Every structure is written in structure tokens, then in C-alpha cells.
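User: I'd like a close look at one part of this protein, a small sheet and the loop that packs against it. Could you walk me through that region in one go?

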Amino acid sequence: MKTLTSSCPYCGVGCGVLPQVEAGRLIAISGDPQHPANFGKLCIKGSSLHETTGPELRLLQPKVDGKTSSWDEAMQSFSTRLKAIRDEHGPGSIAMYLSGQLLTEDYYVANKLMKGFLASSHVDTNSRLCMASAVAGHKRAFGADVVPGCYEDFELADLVVLVGSNAAWNHPVLFQRLLAAKHARPNMRLVVIDPRRTASCEAADLHLPIRPGTDAQLFNGLLLQLVERGALDLEFIQNHCEGFDSAFTAALQTPSDLHQLAFELDVNPSSLTRFVEWFTGTERTLTLFSQGVNQSSSGTDKVNAILNCHLATGRLGKPGSSAFSLTGQPNAMGGREVGGLANQLAAHMDFNRPEDIDRVARFWQAPAMSQSEGYKAIELFRAIDRGEIKALWIMATNPLVSMPDCEFVRRALSKCELLVVSESMAHTDTLELAHIQLPATTWGEKNGTVTNSERRISRQRPFLAPPGEARHDWQIICHLAQALGFDQAFSYQHPHEIFLEHARLSAFENDGRRAFDLSGLCHLDQTAYDALEPIQWPVNAAHPKGRARLFAEGDFFTPNRRARFIPVTPRAPQQTLDPEHPWRLNTGRIRDQWHTMTRTGRAARLLQHRPEPFIEIHPLDAQAQGLDNESLAQLRNPQGEYIGRVRLNEGQRPGELFVPMHWTRQFSAQACCDALIQPVCDPISGQPESKQGCVALQPLATTWQARVLMPAHQQKRWSSRYWSCIPLEHCQSWILADQQRVENWSDWCLEHLGCAPDLWYQDPTSGTYRAAALVDGALIWVLLVSPEGDFPDLSWLAQAFTRPLSPEDRRALLFAGPGHKQDLGALICSCFQVREASITAAIQAGLHSPQALGQALSCGTNCGSCLPEINALLAQEICHA
Ligand SMILES: Nc1nc2c(c(=O)[nH]1)N[C@H]1C(S)=C(S)[C@@H](COP(=O)(O)OP(=O)(O)OC[C@H]3O[C@@H](n4cnc5c(=O)[nH]c(N)nc54)[C@H](O)[C@@H]3O)O[C@H]1N2
Ligand SMILES: Nc1nc2c(c(=O)[nH]1)N[C@H]1C(S)=C(S)[C@@H](COP(=O)(O)OP(=O)(O)OC[C@H]3O[C@@H](n4cnc5c(=O)[nH]c(N)nc54)[C@H](O)[C@@H]3O)O[C@H]1N2
Ligand code: SF4
Ligand SMILES: [Mo]
């Protein structure tokens with residue numbers, strides 16, 4: 001057994017991990033107590049990493065046009081076809097779509113190849129859907145894409161404002177760090193600005209459930225209040241900023257009267273007043289923002305409306321006092337450093353400065369440097385649809401699920417002459433369309449660096465052998481480059497060489513003009529690179545150990561070193577409601593799943609919290625629509641549809657729905673929420689408005705629901721109107737529902753499950769049917785049918801897939817489940833597998849604090865991500881008592 005250090009492949013918190021490997025498999029994982037992002041803590045996704053690695057379900061070999069091939073054949077075919085397209089249609093006909101989940105080294109060589117050697121700047125990334133508005137806002141205000149603060153600020157602030165962020169679920173370790181500080185200093189305050197009452201609100205002192213899309217009004221109004229209440233830092237404004245007057249003038253369109261503003265935002269005036277008083281009166285204020293701000297057709301302006309308030313009060317880059325963009329993906333920041341976006345060049349250089357283009361070209365000795373910016377993601381897929389872009393290479397992202405109007409993306413991609421997908425898993429929606437499939441190594445196998453939300457570069461280190469023929473993304477890119485004749489510039493033998501080149505480019509002719517500066521790391525040898533400790537950029541002569549904060553003394557990266565106030569005129573969401581589509585559709589994340597579920601969707605433990613795609617709705621709205629909790633409902637608009645289970649939630653604003661972004665065609669019949677999102681974007685950042693769709697809602701009529709269980713790791717799709725896949729321990733389960741009556745279930749089994757049942761039971765009056773098929777006494781499938789969808793607890797059945805079925809099992813299977821079969825409710829604490837019913841019972845028995853519950857049941861005592869839900873149950877039970 002050996003232990004080494006690495007960092008988590010999921011969110012932008014960038015926690016350090018200690019993997020434990022035995023016999024070539026990851027058997028356990030713990031937090032690295034030395035890592036400054038997490039000091040030993042992990043959330044449930046991080047601590048389940050060993051349940052989502054392993055060779056099962058991996059893409060193991062290259063495939064060309066559906067046939068397994070060798071690497072040489074695949075790369076030969078790739079380079080020949082690519083060359084032919086480029087020769088015939090020019091460099092503008094080829095593109096790449098990358099991801100914030102690539103390592104910096106992968107990302108760097110991809111950009112170098114495309115922008116420097118193939119003369120195409122059509123290289124964009126899923127960060128367009130994620131961080132683009134924050135990047136554009138930073139650049140407008142600071143002259144560079146810099147997050148001024150650091151994680152320590154979460155502990156030092158007296159007021160923390162979370163805008164459009166559900167950090168309790170999406171940045172759990174940071175959120176716990178914040179709560180620990182709040183616990184130690186009860187005067188510290190937390191405000192959440194989010195239309196929904198989220199898990200993050202459970203710990204908040206104040207929640208402003210604003211009307212969706214009104215953040216710019218709120219922060220413009222706040223700017224007026226800062227003026228009115230004399231809270232400006234005039235010295236900072238005068239000495240280090242410009243443009244205050246025009247920003248102030250633009251803000252004057254917003255009501256200066258708080259009652260009127262509260263009316264526009266649709267919040268309680270006294271809550272708004274309290275927020276304004278706290279913000280104006282608290283020097284150490286930290287404003288954190290994420291996708292509720294960025295994913296908007298006016299996201300860049302919203303970012304600047306927030307930054308305006310921090311510039312006006314001089315609250316930037318001071319301990320506990322800053323504006324802070326929470327990054328999503330583990331290397332969202334690294335992608336920005338290497339110029340992963342189509343409108344950027346490497347090392348924070350830009351296409352709009354000719355000297356930058358020249359500088360990068362000279363550094364790379366680039367034979368074919370692209371001279372202008374390329375298409376941003378939405379435009380890129382449109383150009384594919386038009387036939388202008390004919391070859392696309394997708395790497396480490398799943399746009400068939402995550403792009404707005406994903407059915408359009410499917411149509412566009414099916415027109416592509418050459419679609420190459422580098423993927424580590426064998427089954428994803430996007431991979432299915434690829435002409436060439438390339439098996440990539442992933443976390444645990446890969447070697448390189450990532451940069452987290454606080455600009456901290458950490459190592460990801462390899463500790464597992466690549467399965468099958470999988471190769472590293474940087475190797476695959478270099479392989480292609482060499483096949484295209486660029487041997488010398490892509491002859492790297494180790495990621496260390498790429499990292500050094502990246503660091504040297506950041507230092508090249510920099511002279512303090514570019515924020516991103518790794519000059520202090522230009523001379524690392526491989527041993528030092530392998531041993532690199534987490535470090536925050538810039539790392540240079542002035543800051544050899546890295547720099548935690550910037551801008552407290554001004555010195556911005558604009559030509560005159562002054563920050564810019566940006567005038568903001570608030571705009572309403574572009575997706576507008578109409579009588580046929582009257583519901584505002586909000587989309588986002590759940591605690592235990594990661595994006596398109598290719599990894600977290602495989603771990604039974606991570607699908608117990610929210611097992612099925614769902615639609616969250618206010619109970620009164622549901623009642624008016626004739627929808628019960630747990631019933632099935634359908635969302636529609638002219639673009640697409642979505643089917644999910646209704647979840648009543650009083651924290652939902654009336655008229656608004658929330659659906660998760662995670663489910664794909666691998667996991668459910670019709671639950672890609674992006675089918676419903678229109679591809680409208682922010683004009684500056686190009687980021688789509690993923691949070692403000694418009695839909696119709698109606699119940700989904702069904703005459704039966706069923707559950708099917710089969711051995712683990714099966715890919716299966718069903719013809720029923722609704723189905724959803726839920727992995728259990730030792731087996732796989734599906735929930736099915738349809739309107740079409742089934743006359744003969746035995747025939748149905750033959751058709752859909754491959755054989756007639758060996759055991760069955762039918763109750764024609766209730767419509768209940770149960771059946772199973774066995775081979776040599778072992779279960780191969782189980783089917784339970786119930787018109788109303790009431791099924792017994794099936795967890796014991798999963799075990800039955802691992803051993804021959806006993807006579808008692810057979811009886812239980814057909815007539816009931818053995819032992820406790822009452823529904824224990826949702827899994828609240830994933831770490832200790834504690835369900836809602838146990839917690840509720842313990843509260844009713846008199847345990848009235850999270851600590852008491854933790855002592856009795858262990859719930860909430862490990863990663864703490866479920867504490868907001870435990871607190872909510874406490875509030876609910878105690879107030880009902
Ligand atoms: N568990 C989990 N964690 C993750 C991820 C994951 O997939 N799963 N993904 C990672 C990634 S890539 C990212 S980008 C981050 C995203 O992290 P977050 O930004 O926290 O994630 P979301 O749930 O997409 O959206 C945040 C909130 O924005 C709110 N919102 C919607 N409209 C508005 C609005 O008009 N104004 C305001 N103020 N709020 C609004 C939503 O109700 C939602 O609660 O999470 C990272 N962490
Ligand atoms: N409606 C709506 N849409 C959204 C959002 C939203 O809030 N609402 N959020 C947006 C945001 S912020 C984001 S970040 C995106 C995320 O959306 P995606 O990037 O599409 O989602 P992932 O599932 O993370 O896709 C990563 C893919 O890379 C594969 N992979 C993993 N490791 C490696 C590797 O090392 N190499 C290679 N080649 N492949 C690998 C995984 O198996 C997976 O298929 O979704 C966006 N879309
Ligand atoms: S908070 Fe969780 S998902 Fe994010 S990096 Fe840490 S362990 Fe990974
Ligand atoms: Mo993201």
C-alpha cells in the first residue's frame with residue numbers, strides 16, 4: 001500500500017487528497033491535511049472517488065467509424081481526414097471544443113497546436129458556459145482576469161454575500177470552512193441572494209429571494225445607497241479608479257428608494273434595507289458569485305455591477321474584504337491561463353493587441369499564427385451547422401448534454417464531416433456521434449497541474465495505470481501534431497516540459513504588465529515539478545512564494561493602472577415568458593452529482609440523495625396544476641421536452657421551477673434540461689442564459705410504473721415514455737412508466753428483458769405484477785409493476801444478485817420484501833448512509849441539535865455537506881411539533 005498526494009478532479013475548490021492504492025486499485029481516499037484549500041476535509045463527491053474509478057465502463061480502445069482500431073490507425077485516419085478538410089476548406093474549417101477539466105498541460109498544447117500551428121482560433125471550451133462572464137467582467141474592471149482574494153478571506157470576513165451560488169452543495173468544503181468561521185465568530189454574517197431557498201440559505205442570516213435576473217438592479221441600487229450613506233472610499237476611487245461618475249449616472253435609472261427597489265426585485269423591503277445596512281456598514285465584506293450571475297444574457301454587466309460596489313468601497317484584495325468569483329471546474333482557472341477561450345491568447349494575452357499576437361508567435365516560433373479571435377461556443381456550433389466548420393475535436397466535455405438547445409447541437413454535430421471525441425468513459429451522449437473515439441486517461445492516471453478558485457496551482461499526480469489503451473490528452477494532441485509534421489514543437493516527453501514552457505511564456509516580455517506571471521517557476525527541474533507544493537500565482541521575483549491577494553493598493557492591469565467602473569444598464573432575461581410558456585425554468589446542480597454523471601452517476605451512494613430527474617415546484621403551484629409530490633410531470637417548449645419527478649418545495653418562488661442539469665440520455669428517457677434552454681448569450685462574454693428558460697408544465701399521464709433490476713454495469717434504454725437508471729450496490733435498477741397499457745406482462749418481459757419470467761405473481765384487480773428470471777439459480781432480472789408506482793424497499797434485493805436465490809428470497813421477491821420495507825426517505829448523510837426517516841425519528845425523540853443528532857446517528861459529522869438539510873429537518877420538525 002502506498003499513499004501520495006494529489007488533488008480532487010471535481011470542483012474548483014481544488015482540495016488536496018491522499019489516495020490509497022492497493023493492487024492497482026484505488027481503495028480509499030482522504031483529505032490532505034497539508035493542503036491549504038481543504039486542510040484535510042473532503043465533501044461526499046471527493047470522498048467517494050474510489051467508487052467512481054476502475055476500468056469498468058471506461059473507453060479502452062480507439063474506434064474509427066464504429067470499429068475498434070489501433071492508435072496508429074486511428075491517428076492516421078484522423079490526420080489524413082483533418083489535412084484533407086483543411087487543405088480544401090482552409091484553417092477556418094477546423095475547430096476544437098475543450099474543457100475546464102483538462103490539465104493545464106493538456107490545455108496548453110491544444111491551444112498551441114490550433115492557434116500557432118494550424119492557424120485556427122476556433123478553440124473554445126465549456127468554460128464559455130461557466131466562467132466567461134466573470135472573465136469578461138474582471139478584464140473590463142481590472143484589465144486582467146484576476147480573482148483578487150483568497151480562501152482565507154472566507155474566514156476573515158464579517159459579512160459574506162453569496163450571489164447566485166449554492167456553495168453548500170457546489171463548493172462544500174469552502175462552505176464548511178465559512179461555517180466553521182461563523183461558528184467561531186457569531187458576529188459574522190451570511191447573506192444569500194438567490195431566487196430559490198437553497199441549502200446555503202439554511203445557514204444564512206438573511207436570504208433575498210430576488211426575482212430571477214434582477215441582480216444588476218440590486219447592485220446598482222446598492223451603489224446608490226453607498227453614495228447616499230457616505231460609505232464610499234473616496235481616496236481609493238480617486239487614486240486607483242476611473243469612470244465612477246458614468247457608473248453612478250447609469251445606476252441612477254434604478255430606484256434610489258428602497259421600497260421601490262424592493263418592489264422591482266420582489267423582495268421584502270425590510271430584508272433589502274437590512275442587506276444595504278450590513279453592506280454599507282461592514283468593512284470586511286466578501287461577495288462571492290457564481291452561476292446565478294455568470295449564466296445570464298447580461299452576465300458580464302452583473303459581474304461589473306458587483307465589482308463597482310467593491311471598487312467604490314475600496315474592498316478588494318484586503319483580508320476578508322473582496323469580490324470573489326467561485327470557479328466551477330477543477331481547472332477552470334488554468335484554462336484561462338493558457339488562453340483556452342476563443343477570444344484569448346496564451347498567458348493572459350489577447351487577440352485585440354497586435355503586439356501580443358506577435359509575441360506569442362515569436363515565442364512559439366509559430367509557422368501559422370492565427371490573427372484574430374475565433375468563434376465562441378454557441379457561434380462555433382452554429383458554424384458547424386452552417387457547414388462552415390467541418391472538423392471538430394471535442395475533449396473532456398459532453399456538449400450534447402451541457403450546451404443550450406442540445407438537440408440543435410446534436411443536429412449540427414451529425415453534419416460534421418469529421419467528429420473526433422477524446423473521452424475516458426465508454427458511454428456518453430457526445431461520444432455516440434463520434435467518427436473517431438479516442439480513449440483518454442483521466443484523474444488518477446494523469447500527471448499535471450490545475451489551478452483552483454484562489455489562483456492556486458496544485459499537482460494532480462498519477463497513481464493508477466491507464467486502463468486498456470488509454471493515453472494522456474497531451475500525448476494524443478502531440479501525436480496529432482507530429483502526424484501533421486510539427487515534430488519539433490511538440491516533442492515533449494513529460495508534462496514537466498510543457499509546464500516549464502507555459503511558465504516561460506507567462507514571463508516572456510512581461511515586465512509586470514501581465515498579471516499571470518510564473519517567472520518564479522521557470523526553472524523547476526522535473527523533481528521539483530513532481531514535488532511542487534500548492535502555490536498561488538503570480539509567482540515572481542517580488543512574490544517568490546506566490547501571492548494571496550492583489551489590488552489592495554490599486555496597481556491594476558489596465559494601461560494607466562487604474563480600475564474601471566463600468567456603467568451598467570440592467571436588462572431583463574432574453575428568454576421571455578408567454579401565456580403558453582408561463583413558467584420560469586431555473587437549472588443547476590445537486591449535492592452528490594457531477595455534471596453529466598459519467599463518473600458520479602456510477603456510484604450507488606451518490607444517487608441516493610436525488611435518485612431521479614426531478615422538477616422542483618412550490619406546493620401551491622403544484623396543487624393548482626393537479627400535481628402531487630412524486631408524480632411525474634413534463635416540461636415543454638418549442639425546442640424540446642423534459643420529464644421528471646415532481647418535488648414540492650416551499651423554497652421555490654411561485655411561478656418558477658428548478659431542474660437539475662445532470663441527467664443525460666444514458667440515464668433517463670427525456671431529462672436533459674438543456675433541451676429547453678434557448679441559446680441566447682451575453683453579447684460580451686458569449687455565455688448562455690442557462691438559468692432563465694421558459695416552459696409549459698403538465699402532468700405526465702401514466703397507467704403503470706415499473707422497476708427493473710439487473711446485474712451492474714449494463715447500458716440499457718427503454719421504449720417507455722419515462723425511464724430512469726439508478727445504480728444500486730451490486731446491481732442496476734431502472735424506474736419505468738408509460739401510458740400504454742400492457743396486456744400481457746410475460747410477453748413484455750420476452751420483448752424487453754430477453755426472456756419470459758421463471759417466477760411471477762399477478763394481481764389483476766390491483767394491476768400489480770412481479771416477476772424474475774434466473775439462470776442456474778442466480779437472478780438475471782427482476783420486474784415489479786405497480787399502477788401507482790408504490791414499490792417496496794428493494795435494497796435487500798441488490799444482495800440477491802450476488803448469491804443464489806433462497807426459497808425465502810423467492811417468496812419475498814414475489815410477495816413482499818423481507819424485514820424492514822418501509823420507505824426510509826431520502827439519503828441525507830451520504831457519508832454515514834443516514835436517511836431522512838431516522839433523522840426525523842431522532843428529532844421527534846428529543847434530539848434537537850445537529851450535534852446531538854451527530855452523536856446519536858453520526859450524520860453530518862464527516863464532510864458536513866448535509867448539515868444544511870439536517871438543520872432544515874430540525875426546523876421543520878420542531879416547528880411542526
Ligand atoms: N455537486 C456539484 N458541485 C459542483 C458541480 C457539480 O456538477 N455538482 N459543478 C461545478 C461547476 S463546473 C460549477 S460552474 C459550480 C457552479 O456552482 P453554483 O453557481 O453554485 O451552481 P448552480 O446550482 O448552477 O447555480 C447557483 C444558483 O444560482 C441561482 N440562480 C438562478 N438564477 C439566478 C438569478 O437570476 N440570480 C441569482 N442571484 N441567482 C440565481 C440558482 O437558483 C442556484 O441556486 O459548481 C461546481 N461544483
Ligand atoms: N442548463 C444548464 N446547462 C449547463 C449548466 C447549468 O448550470 N445549467 N452549467 C454549465 C457549466 S458551468 C459547465 S462547467 C458545463 C459542464 O458540462 P460538461 O463539461 O459537458 O460536463 P462533464 O460531465 O463534466 O463532461 C466532462 C466529460 O469529460 C470526460 N472526462 C473526464 N476526465 C477526462 C479526461 O481526463 N480526458 C478526457 N478527454 N475526458 C475526460 C467525462 O467522462 C465527461 O464525459 O455545463 C454547462 N451547462
Ligand atoms: S469540495 Fe468536494 S468536489 Fe470540490 S474539490 Fe473538494 S472534495 Fe472535490
Ligand atoms: Mo462550470
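Analyst: Happy to. A good place to start is the side chain of Asn-331, which makes a polar contact with the side chain of Thr-104 at 3.1 Å. Please keep in mind that this is a predicted model.

Where does Asn-331 sit? Its place is in the loop between strand E14 (322-325) and helix H16 (332-337). Buried or exposed? Asn-331 has a relative accessibility of 0%, and because buried means under 20%, Asn-331 counts as buried. Leaving out residues up to four places away in sequence, Asn-331 touches Gly-100, Leu-102, Leu-103, Thr-104, Tyr-107, Thr-449, Val-450 and Thr-451.

Three of those names lead us to the sheet: Thr-449, Val-450 and Thr-451 lie in strand E20 (448-451). Both faces of E20 are covered. Gly-448 and Val-450 are buried on one side, and Thr-449 and Thr-451 are buried on the other. That pattern fits a general rule: in a regular strand the side chains alternate between the two faces of the sheet.

Now for the sheet itself. It is open and has 3 strands in the order E20-E21-E22, with antiparallel pairing. E20 and strand E22 (535-536) stand at the edges, each with a single partner strand, so one side of each has no neighbour in the sheet.

What joins the strands? In general, strands of a sheet pair through backbone hydrogen bonds, either parallel or antiparallel. Here, E20 and E21 run antiparallel and are joined by 4 bridges. Thr-449, one of the residues that Asn-331 touches, has Arg-459 as its bridge partner in E21. E20 and E21 also form a hairpin, with 4 residues between them. In the turn of that hairpin, Arg-455 has a positive phi of about 65°.

On its other side, strand E21 (residues 456-460) pairs with E22 in the antiparallel sense over 2 bridges. One pair to look up in your viewer is Arg-456 and its bridge partner in E22, Gln-536.

To put the pieces together: start at Thr-104, which meets the side chain of Asn-331, and go on from Asn-331 to its contacts Thr-449, Val-450 and Thr-451. From Thr-449, the bridge to Arg-459 takes you into E21, and from Arg-456 the bridge to Gln-536 takes you into E22, one of the edge strands.

Conventions. Residues are numbered from 1 along each chain as its sequence is written. Chains are lettered from A and ligands numbered from 1 in the order in which they are written. This is a predicted model: local features need pLDDT of at least 70, side-chain atom pairs count only at pLDDT 80 or more; totals for chains, interfaces and linings use all residues. Side-chain values use heavy atoms; hydrogens and water are left out. Two strands pair if DSSP finds at least two bridges between them. Buried means under 20% relative accessible area, exposed over 50%, partly exposed in between (1.4 Å probe, protein chains only). A polar contact is a pair of N or O atoms within 3.5 Å; within protein, one must be able to donate a hydrogen and the other to accept it, and residues adjacent in sequence count only if both atoms are side-chain atoms. Contact means heavy atoms within 4.5 Å.
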